Amino acid sequence: MTSFTWINKQVLIVFYLCLGCSVFAQQNVKLPDILPPSPAAFAMTRYGGINLGMQTGTALYNLPIYTLSSRKLKIPVSLSYSSNGVKVDEIGSRSGISWSIVSGGAITRTVYDQPDELSTRLIPPSSFAHTTELYNFLDQAVNTDLNGTDTSPDIFSFNFNGYSGQFILNGSQAVQLTKTNLKIEFNATRQADFGGRFRITTPEGVVYYFAGGANSTESSYNSAIGENCGKTHTIAIDNAWYLTKVADPSGDNIILEYAALQPYSYPASVSQSQTKSVVGPQHCPNSSTGGTITIDDTNCENLITTNSVYLTKITASSGNYLTFSYTGRQDLTYDQLVSAVNVFQYGNATAIKTFGFSYIYGSGTTFQNQYSAGNAQLKFRPFLTTVTETAPSTAEQHLFSFEYNNIAGLPPRLSYAQDDYGYFNGANNLGLIPKPVLAYQQFFPDAQADRSPNFTYAQYGLLTKIKYPTGGYDSIAYKAPTYTVTELPDPVSQSLYVSGVGADLSTAVTTNSSPVTMTSGQTTTLNSSYTFNGPSGEEDFHAQVYVYLINTITGQTVYTGFLNSSNRQLHDIVTLEAGKTYILRCVSYGQYSLGSANLSYYTQGSVPVVKNKTAAGVIVDFVRTYDPVQKISSFKKYYYSKLSDLTTSSGSVVATPTYMSDYSIAVSCQPQDSQNPVIDCGTIFQFKSMSSNSMNNLYAYSQHHINFQYIVESSGLNFENGGIEHIYTVEPNTPGEVVMGNDILTSPLSNRGVGKSGLETFTNTFIKKGSVFQSVKTVKMTYKDDSRLSELFYGYSVRKRYQLLCASTTPPTESQFSPFDVKKNYIYSRWIYPDTVITTTFASSGSNSFAETEITQYGNTIHLLPTQKTIVKSNGKNILTTFKYPADFATTAPYDQMYNTLHIWSPVLSNKNTSLTPRQALRPFCNLLKQITRFGMETIL
């Protein structure tokens, strides 16, 4: 196993001088540094490496448009629909909301911090002992703009001609996160004869070149409107490379051409933060005026400026070609929508076939905020409504049409009416920051956003019907996803109250509340008041009230408050310990002196309970297919549960957004004058910060936040024609490991699920007899995580919470390490393949079964292809087949050229250990001869 390291730098630097006055420190809460590709490019590679479909309940549909062919090569053009709901800040691709036109391919990346190829990787010391070496590493990590170091690996995604996946760059080497036998090369030095910026070679030796022609690379940079809005890239960074050429070893090729759009900017997201003290007002201890230290809130509009390109022509070596026409769009003034795909034959100036696209716009007029009020483009969303196939040789038209759910009801982009994952929830929010847990709500009174999911609104804008040229149609019904969790009961707000009235001038009247035991540790408020109810003019200094909060277990007085005519109300913060019992005591002096106190707290049960929760987004409930010939409808319904328990969801949420984190600043509390310069390191003040960036909902939490382990598809609404039960693996990505200081909520997740999650492990085809489900056939699949090619990379998120006001020393002191937080995330690269498949067929009675086992071995880590396959029949007979590939003869001609030069890994020899006729025995050598003849190489038989 191999290990590598990246660093993610996050800096929080705020310091002000407290000169006996109030301090309003500027907020600089670090939000994720994400620079995404353009909307069109992102749509093409959105799900690279992600398994979608039944396991996520995603609505998927593919409409083939046309396949351009040459002698050996094909480029299919199609429309692909995929959605679990329209996200509020989602921007439609060049074929509309939730659609993508698949025509060639692209490699895209999301930049995290600095571009990998333009920066230097930092490697931390072997341990995190507080040494000079570690301090130098931390200091360099947070000063990225000064030394050009990279903080986190960029994630590259590719999608072309049926291949998709993700990779990272380790230096100039591309490392696939899920290993395949694709050969991915990065042209780090921009060699002219390389053919592009990237090239990917398939096992058949077909080479795909990316960014090898004019206008085939996209770049972008980000900016923000607001104060302290996080990192921006001031120069355009390449983040999309389009397919420009496909070449076969025989010399056949297909060329793709592009044109550039005028650079344009668009609002991408909103980020907000609030930072508050949760221990009451904080100030310098020696401040003569008691100046309070506060942190400003932030409200930022994040902008992306993109240098975007668009596909204009695809030409095959045969001379046949496709052209793409475009029309303007209302949501992005300087971008376009595809209006037609035109098919031309060699030598014919007139298109032999045209596929026309038409659109309608949804216009959001409700749930507006200050952003959409000043930018009309945010209100529009394009939806594909028809695809029409026409040909000049015939008057016949083939029309596909699409219907959607209430597109006019969607809000404008950047609206605050979104749930935790960015889906529309119909909430009239004034911001994005949701209510914190009950214990902190009093400190964040402006954090009132409702970020809970709402299925009624989440389904707006979804595809509901597809009409076909034949007159038939498919209609799609959706439902809210649910998942089951076991957790503590929700906290319940409580209050402890006491009051008492004095008797005379000198006698104290003491009143105690009932005792209460804290189920959880918490910081809360204690409100006290004094009221004089006697005749006017008789109130004097004898009328007074004392309020005490007492820990009855230790006898300690936790809080004392004094009230009289000069101090009639108190509002103080107190800290309560879990498991401790408290009482409030009110001691009143004076016949008419009324004292009262109210302690707010919450209780929470300690016994976990099972809860069914509604998740964000939507999932497919059933699909109705209408046959216009037979005039009947058929149904396919989906249950996201076990066949044995169709009412309990098997869903699990992969990642949950978190809004609250710790925040610190250093303030000099030493009086300042010309004779007394600052020499202290500052007093550290602790705060809680809540932040939200809606860009996370598009890129960090894409549309696969919930996975289902069990799915049952019913043929008919109630298994009238049987059904199939599916079981998938669920391996979620997880937060990284805190190795120093506090947690960093915005750090990348460890990709523990890469290659493992979403694998189908079992299918059960069954029929329903009465109330019993009877199996017809089962298929069990096991997978091997082959460690021979496993690689593990480490990323480090480094954050400096505050800047000490004194100079650094060598060796560093402990106080110099205290501002730093470090979190380590794991980046796995795995080779996973199915090694055993057991197929069992049952007799009609269900009592007898016949099993066949297929065991596959992969003996060569160079070509990653099966080298041996064993089939074990139910009668005990075994069939063993072995395979040989050019890489197995890498030093022998002609295979050396096939493997080393042409990257051809097709099998050249296969052999079964059964009784063979002479003709059968010679067949592998005949296949070999064909391969050799194909390349004009000398026969070595």
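Which backbone oxygen does the side chain of asparagine 181 reach? Let's make that the first stop of the tour. Bear in mind as you click around that this is a predicted model.

**Stop 1: asparagine 181**

Select asparagine 181, which you will find in the loop between strand E12 (173–176) and strand E13 (183–186). Now add histidine 863 to your selection: the side chain of asparagine 181 reaches the backbone oxygen of this residue at 3.4 Å. Although asparagine 181 belongs to a loop, the residue counts as buried, with a relative accessible area of 14%. The cut-off for buried is under 20%.

**Stop 2: the hairpin strands E55, E56 and E57**

Next, select residues 849–857, strand E55, together with residues 868–872, strand E56. These two strands pair in the antiparallel sense over five bridges. To see one matched pair, show isoleucine 855, which stands opposite threonine 870 in E56.

Keep E56 in view and add strand E57, residues 878–884. E56 and E57 also pair in the antiparallel sense, over five bridges. Look for valine 872, whose bridge partner in E57 is asparagine 878. Five residues lie between the strands in the hairpin of E56 and E57, and there glycine 876 takes a positive phi near 90 degrees.

**Stop 3: a three-strand sheet**

Move on to strands E4, E5 and E6, which form an open sheet in the order E4-E5-E6 with antiparallel pairing. Strand E4 (59–69) and strand E6 (99–103) stand at the edges with a single partner strand each, so one side of each has no neighbour in the sheet. From one strand to the next, the twist averages 15 degrees.

For a closer look, select E4 and strand E5 (residues 74–83), which run antiparallel and are joined by 10 bridges. Serine 69 is a good residue to display here: its bridge partner in E5 is lysine 74. While you have strands on screen, here is a pattern to watch for: in a regular strand the side chains alternate between the two faces of the sheet.

**Stop 4: a four-strand sheet**

Now bring up another open sheet, this one built from four strands in the order E31-E39-E34-E37, again with antiparallel pairing. Its edge strands are strand E31 (492–501) and strand E37 (569–576), each of which pairs on one side only. The twist from one strand to the next averages 20 degrees.

Which strand pairs with E31 over 10 bridges? Select residues 593–603 and you have the answer, strand E39, which pairs with E31 in the antiparallel sense. Within this pair, serine 495 stands opposite serine 600 in E39.

**Stop 5: an enclosed strand**

Select residues 336–344, strand E24. Is this strand largely enclosed or not? Nine of its nine residues are buried, so the rest of the structure largely encloses E24.

Add strand E23 (residues 321–328), which pairs with E24 in the antiparallel sense over eight bridges. One matched pair is threonine 327 and its bridge partner in E24, leucine 337. Then add strand E25 (residues 353–363), which is antiparallel to E24 and pairs with it over four bridges. Here asparagine 342 stands opposite threonine 354 in E25.

**Stop 6: two buried serines**

Go to serine 269 in strand E19 (residues 264–276). This residue is buried, with a relative accessible area of 0%. Show side chains to see two polar contacts: serine 269 is joined to the side chain of asparagine 302 at 2.8 Å, and to the side chain of asparagine 693 at 3.3 Å.

Then select serine 689, which sits in strand E47 (residues 683–693). Serine 689 is buried too, at a relative accessible area of 0%. Its side chain makes a polar contact of 3.1 Å with the side chain of threonine 275. Serine 661 is 28 residues away from serine 689 in sequence, yet their C-alpha atoms are 5.3 Å apart in space.

**Stop 7: the second largest pocket**

Finish at the second largest pocket, with a volume of about 1,000 Å³. To find it, select Asp420, Lys613, Thr656, Pro657 and Tyr659, the residues nearest its centre among the 29 that line it. Strand E30 (482–487) and strand E40 (609–614) each supply at least two residues of this lining. Colour the lining by residue type and you should get 16 nonpolar, five polar and eight charged residues.

Definitions and conventions:
Residues numbered from 1 in each chain as written. Predicted model: local features only at pLDDT ≥ 70, side-chain atom pairs only at ≥ 80, totals over all residues. Heavy atoms only, no water. 1 Å grid on protein atoms, 1.4 Å probe; cavity = no way out; pocket = protein on both sides within 12 Å on 5 of 7 lines; lining within 4 Å. Points joined across faces, edges and corners; volume = space filled by probe spheres on them. Nonpolar A, V, L, I, M, F, W, Y, C, P; charged D, E, K, R; others polar. Buried < 20%, exposed > 50% of the residue type's maximum accessible area, 1.4 Å probe, protein only. Pairing = 2+ DSSP bridges. Axes fitted to C-alpha atoms, helices over the stretch in contact; angles between N-to-C directions. Polar contact = N/O pair within 3.5 Å; in protein donor to acceptor, adjacent residues only side chain to side chain.
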